[in-house]
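Subject: A structure for you to look through

Dear colleague,

I am handing over a structure that I would like you to read alongside these notes. Please open it first, and then follow the points below with the model in view.

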Amino acid sequence: MPEIEIHASAWRLVEVGRVVLFTHGPYIGRLAVIVEIIDHKRILVDGPSKKENGNVPRHAVGLNNTIVTPIVIPKLPRAAGRGPVAKAWEKAEVESKWDQSAWAKRREQREKRRALSDFERFKVMRLKKRARFEVQKSMAKVRSSAKAS
């Protein structure tokens, strides 16, 4: 009988050491790390961020209020204290990895666009129109040179 290997998806598993992003509640938009899994719906998190207003105190949170990210702090012991979590956070460079991710860049861009005033949105529209016109003009030149030859 042939041996069959079954591999589970390794991305976004709820595990100790996995970094989560808050989507609801008072810590929305902040990062924290899973320190302990309480049950199938709740986790214990701790977020020792160095950013201003980025710190998340250790508390239990429902998984439906967070999104699991692909960032993992390797070999974080279960129920580790605040000090070891902070050291592992710094060693794994969680914040720099997050800032370099496409996910964080998209979120930042979305926040910038939400903060635009009406006049700023108008200026963006005019710049897009100008760029589109330049592309159309260059394409018309290419088409006319292709017809001529």
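Does E108 count as buried, partly exposed or exposed, or, put another way, which of these classes fits its relative accessibility? E108 counts as partly exposed, because its relative accessibility is 48%, and the classes are set so that buried means under 20% relative accessible area, exposed means over 50%, and partly exposed lies in between (1.4 Å probe, protein chains only).

Before going further, please keep in mind that this is a predicted model, in which local features need pLDDT of at least 70 and side-chain atom pairs count only at pLDDT 80 or more, while totals for chains, interfaces and linings use all residues. Residues are numbered from 1 along each chain as its sequence is written, and side-chain values use heavy atoms, with hydrogens and water left out.

The overall build

The chain has four helices and five strands, where helices (H or I, at least four residues) and strands (E, at least two) are DSSP runs numbered from the N terminus. Along the sequence these elements come in the order β-β-β-β-β-α-α-α-α. The radius of gyration of the chain is 23 Å, whereas a compact globule of 149 residues would have one near 15 Å; this quantity is taken over C-alpha atoms, and the globule rule is 2.2 Å times the number of residues to the power 0.38. Along the principal axes, the C-alpha atoms fill a box of roughly 75 × 60 × 30 Å, and 28% of the 149 residues count as buried. To get a feeling for the distances, look at K137, which is found in helix α4: K137 and G81 are 56 residues apart in sequence, and their C-alpha atoms are 63 Å apart in space.

Salt bridges

Side chains of opposite charge can pair when their charged atoms come close. The structure holds 10 salt bridges, each defined as a side-chain nitrogen of Lys or Arg within 4 Å of a carboxyl oxygen of Asp or Glu.

E108, with which these notes began, is the salt-bridge partner of K112, and their closest N and O atoms are 4.0 Å apart. Both residues lie in helix α3 (residues 102-114), with their positions four residues apart in the count, about one turn of the helix. K112 is exposed, because its relative accessible area is 54%.

A second salt bridge joins D46 and R82, whose closest N and O atoms are 2.1 Å apart. This pair links distant parts of the chain, since D46 is in strand β3 (residues 42-47) and R82 is in helix α1 (residues 82-92), 36 residues apart. D46 is buried, because its relative accessible area is 0%, whereas R82 is partly exposed at 37%.

A third one connects the side chains of R18 and E15, at 2.7 Å from N to O. Here R18 counts as buried because its relative accessibility is 2%, while E15, at 28%, counts as partly exposed.

Surface patches

Patches are made of residues with over 30% relative accessible area and no salt bridge, with like charges joined within 9 Å and nonpolar side chains (Val, Leu, Ile, Met, Phe, Trp, Tyr) joined within 5 Å. A positive patch is formed by R113, R126, K128, K129, R130 and R132, where Lys and Arg count as positive and the place of a charge is taken as NZ of Lys or CZ of Arg. Helix α4 (residues 118-148) gives the largest share of this patch, five residues. R132 lies in that helix and counts as partly exposed, because its relative accessibility is 47%.

A nonpolar patch of about 320 Å² is made by F119, F122 and M125, with accessible areas coming from the Shrake-Rupley method with a 1.4 Å probe. F122 also lies in helix α4, and F122 is partly exposed because its relative accessible area is 41%.

Two backbone angles

Most residues other than glycine have a negative phi. Phi of K75, however, is near 55 degrees, a positive value, and K75 sits in the loop between β5 (66-72) and α1. K75 counts as exposed, because its relative accessibility is 83%. Phi of E93 is also positive, near 50 degrees, and E93 is found in the loop between α1 and α2 (94-100).

With best wishes
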